Amino acid sequence: MSTNMKAGAAVAAVVLLLFLIVRPTTSSGHHFKVTATEYDCNVKIADDPRPLNKEVLSTVAIKCATPPKQTSLVLQLQYRKDGSSPWTNDGDARAFTGIPGPDYTDINITQPCKAGSFRIAYQLQGVAAVLGTSIQEQQQFGSSKDISQSQCDNS
């Protein structure tokens with residue numbers, strides 16, 4: 001193998017390694033942090049809204065390197081019939097109120113399936129670990145997913 005071929009192979013290997021390191025991920029989410037002593041949590045959408053057993057299911061996961069003293073991660077499925085309609089809350093909200101650990105904990109939320117667009121909304125609330133101040137992060141939203149009536153019927 002010539003020197004040029006070896007150099008070309010080395011460059012190709014480096015490019016492939018960089019691609020594997022910085023490739024985009026399909027999950028979305030948010031990192032919430034207020035100093036390392038108060039709270040440091042990651043929330044991600046583990047499963048965008050999808051039809052399952054005649055319901056719409058979405059899963060959000062939380063983990064905290066430094067958990068708040070009290071935690072309330074509130075999830076809400078939102079719905080709109082078509083692209084021109086406003087987003088509305090669909091059903092009751094669901095809250096995770098435990099102390100998140102260093103590994104992701106999944107929280108599921110479901111509503112009866114119907115045709116239209118769904119997205120998940122989530123908000124982290126609680127009491128900070130050391131100072132004991134109330135925390136209420138800004139509400140975050142997942143991607144919109146269109147679900148047809150036939151998907152609901154066949155789920």
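Q: Which residue is the bridge partner of glycine 116 in β11?
A: In this predicted model, glycine 116 has isoleucine 147 as its bridge partner in β11.

Q: What makes β8 and β11 a pair of strands?
A: Two strands pair if there are at least two bridges between them. β8 and β11 (residues 145-147) have three bridges, so they meet that cut-off. Their sense is antiparallel.

Q: How do you know that β8 and β10 pair?
A: The same test helps here: at least two bridges are needed. β8 and β10 (residues 140-141) have two bridges, in the antiparallel sense, and therefore they count as paired. Have a look at tyrosine 122, which stands opposite glutamine 140 in β10.

Q: What joins β8 to β9, and in which sense do they run?
A: Three bridges join β8 to β9 (residues 134-136), and the two strands run antiparallel. Glutamine 125 has glutamine 136 in β9 as its bridge partner. The hairpin of β8 and β9 has six residues between the strands, and glycine 132 takes a positive phi near 75 degrees there.

Q: Why are β4 and β8 called paired?
A: At least two bridges are required, and β4 (residues 70-80) shares 11 with β8, so the name fits. This pairing is antiparallel too. Threonine 71 stands opposite glycine 126 in β8.

Q: Why is β8 called mostly covered?
A: A residue is buried if its relative accessible area is under 20%. In β8 (residues 116-127), 11 of the 12 residues are buried, so "mostly covered" is a fair description.

Terms used:
Residues are numbered from 1 along each chain as its sequence is written. This is a predicted model: local features need pLDDT of at least 70, side-chain atom pairs count only at pLDDT 80 or more; totals for chains, interfaces and linings use all residues. Side-chain values use heavy atoms; hydrogens and water are left out. Buried means under 20% relative accessible area, exposed over 50%, partly exposed in between (1.4 Å probe, protein chains only). Helices (H or I, at least four residues) and strands (E, at least two) are DSSP runs, numbered from the N terminus.
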